[in-house]
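Visitor: I'm new here and would love to know how the descriptions are reached. Could you show me the structure and take my questions?
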Amino acid sequence: MTSAYDRLLSLLKSQHLIQSVEGLLGWDEQVNLPPKSAGFRSEQMAEMARLAHEAASDSAIGDALAELETDRANLDDEQQVVVREARRDYDRVIRLPAEFVSEKARHSSAAYHAWAKAREERDFASYAPFIERHIELAKEEADLQGWGDRPYDYAVDLHDPGFSAEQISGLFSELKAGLVPLVQEIEAKAGDTPSALRGFPVDAQRTFLREVTQQLGFDYEHGRIDVALHPFCSGDGLDVRMTTRFHPDEPLDSLFSSIHETGHGLYAQGLRSEHAATALGQHIGMAVHESQSRMWENQVGRSRALWAYFEPRYRELFGERLADISSEELYREINAVRPTLIRVDSDEVHYNLHIILRFEIEQALFRGDLAVADLPAAWNDKCEELLGCRPSHDGEGVLQDVHWSGGAFGYFPSYCLGNMIAAQNWDQARQVLPNLEDEFAAGDFSRLLDWTRREIHHHGKRYDTSELVEKVTGKPLSPQPLLAYLRDRYGEIYL
Ligand code: ZN
């Protein structure tokens with residue numbers, strides 16, 4: 001007779017295969033879908049979602065888990081992790097009644113269209129009832145999951161298991177205290193000159209970003225990069241799909257968003273693919289994912305060392321466009337600091353303030369201290385307080401992000417936690433891997449990649465995020481390494 005553990009593995013494998021096909025259809029929808037095939041695709045997606053839910057809630061998983069849990073002592077270390085996480089996932093799925101799941105999916109789809117229209121027309125009032133309903137659904141879901149008294153913590157835990165709003169509040173207020181004065185100091189010196197990089201041919205941009213991402217270590221035998229409206233990365237170890245976009249006048253947007261997605265891709269490719277169906281081969285959460293993408297994008301991608309290696313090739317490809325731009329000017333452009341109201345256009349110095357704003361607002365909404373109708377005013381006030389500028393309309397304020405239309409509350413903090421983790425890991429890597437930047441300047445990034453594989457990727461979900469940070473760096477998560485890194489990098493340029 002097959003052992004309960006083998007039965008569990010085979011059920012998880014089938015679930016993972018269905019999810020990976022679902023992911024591939026989602027990727028294809030954004031990259032390849034012919035304009036009039038959307039209706040058919042949404043039927044295909046709905047059917048795949050049904051199959052995925054059926055596989056994830058299969059009572060045979062519950063039976064296998066129950067059997068394994070009565071005899072835990074017989075499980076080895078890794079099997080314990082698989083069983084623990086499979087139990088967590090399974091319980092989360094079966095606690096939600098089918099009607100609730102379809103009601104939430106229906107509402108999310110309607111809310112997405114309401115958001116897109118409201119943003120276009122700068123009409124928050126038409127979208128407000130959809131956010132209200134989403135908050136009700138989020139509270140109802142937390143209740144069904146046994147988190148009724150802490151609905152926002154539940155939302156956070158969905159993206160980054162183990163974190164609580166209170167812990168994040170502590171980290172963010174320490175970050176804010178250091179960041180607001182630093183940003184003001186840099187803004188006072190940075191001025192606001194527009195970018196001089198214009199008219200970069202797209203073909204050459206494509207060539208350059210392919211060379212850079214490959215050199216960083218992305219395996220194009222197990223992945224690819226294509227063009228989509230928004231950059232993203234999906235898939236896992238054996239087949240990773242990234243996207244980017246091109247604009248002749250914004251060559252750095254394309255390049256750095258590609259390096260960012262490459263960081264996600266390197267994490268996905270570093271997970272142990274033989275365990276792709278279980279917690280041993282899956283990512284921990286969004287904050288750690290983001291820490292990988294941000295480290296490659298910022299600490300590595302915007303460094304003098306990397307550009308010492310790649311600048312000659314950049315000039316070879318874009319000679320004419322760069323003729324009047326010195327190396328130092330190019331480096332400043334790569335690390336330009338320009339305040340903006342829009343989060344996704346933000347530079348790395350301002351970025352975390354955009355996140356803190358959203359986190360504070362989400363908490364107030366969930367506590368009931370802020371009514372949805374008062375959201376635009378609260379947003380604009382906070383924007384002024386944190387970023388020193390006020391949106392002239394809601395399109396560049398409260399309506400700018402898609403997240404809430406899908407009910408994704410508690411997601412924004414991951415971006416900022418990811419930046420903190422990236423800086424803390426980077427500090428550690430530089431300590432244990434001396435002369436790292438000399439190697440970057442010679443085009444070799446392998447020692448850093450191997451270190452992240454060993455220290456982070458190979459653990460899968462064995463540890464939660466806080467435990468992993470402590471294990472990798474020897475210290476609890478703190479905003480101080482991020483503050484020190486920003487002061488160091490941008491202070492050298494601007495102060
Ligand atoms: Zn990302």
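Visitor: Why is His260 called buried or exposed?
Guide: In this predicted model, His260 has a relative accessibility of 11%. Buried means under 20%, so His260 counts as buried.

Visitor: And what about His264, buried or exposed?
Guide: The value for His264 is 8% relative accessibility. That also falls under the 20% cut-off, so His264 counts as buried.

Visitor: How do you know how far along the helix His260 and His264 are from each other?
Guide: Both belong to helix α10, residues 251–270. Because His260 and His264 are four residues apart there, about one helical turn separates them.

Visitor: What coordinates the zinc ion?
Guide: His260 and His264 each do so through NE2, and Glu290 supplies OE twice, at 2.1 to 2.7 Å. Donors must lie within 2.8 Å of this metal, so these atoms qualify. Along the sequence, the donor residues follow the spacing H-x3-H-x25-E.

Visitor: Why is the site of the zinc ion called irregular?
Guide: The angles among its four donor atoms run from 49 to 123°. A tetrahedral site needs all angles between 85 and 135 degrees, and a square planar one needs opposite donors over 155 degrees apart. The angles here fit neither, so the site is irregular.

Visitor: Where is Gly410, and is it buried or exposed?
Guide: Gly410 sits in the loop between α15 (375–387) and α16 (412–432). Its relative accessible area is 1%, and the cut-off is under 20%, so Gly410 is buried.

Visitor: What makes Tyr152 a contact of Gly410?
Guide: Contact means heavy atoms within 4.5 Å. Leaving aside neighbours within four places in sequence, Gly410 has such contacts with Tyr152, Ala155, Val156, His159 and Glu362. Gly410 and Tyr152 are 258 residues apart in sequence, with their C-alpha atoms 6.8 Å apart in space.

Note on methods
Residues numbered from 1 in each chain as written. Predicted model: local features only at pLDDT ≥ 70, side-chain atom pairs only at ≥ 80, totals over all residues. Heavy atoms only, no water. Helix = DSSP H or I, 4+ residues; strand = E, 2+ residues; numbered from the N terminus. Buried < 20%, exposed > 50% of the residue type's maximum accessible area, 1.4 Å probe, protein only. Donors = N, O, S within 2.8 Å, 3.2 Å for Na, K, Ca; no water. Tetrahedral: all angles 85-135°; square planar, octahedral: opposite > 155°, others 65-115°.
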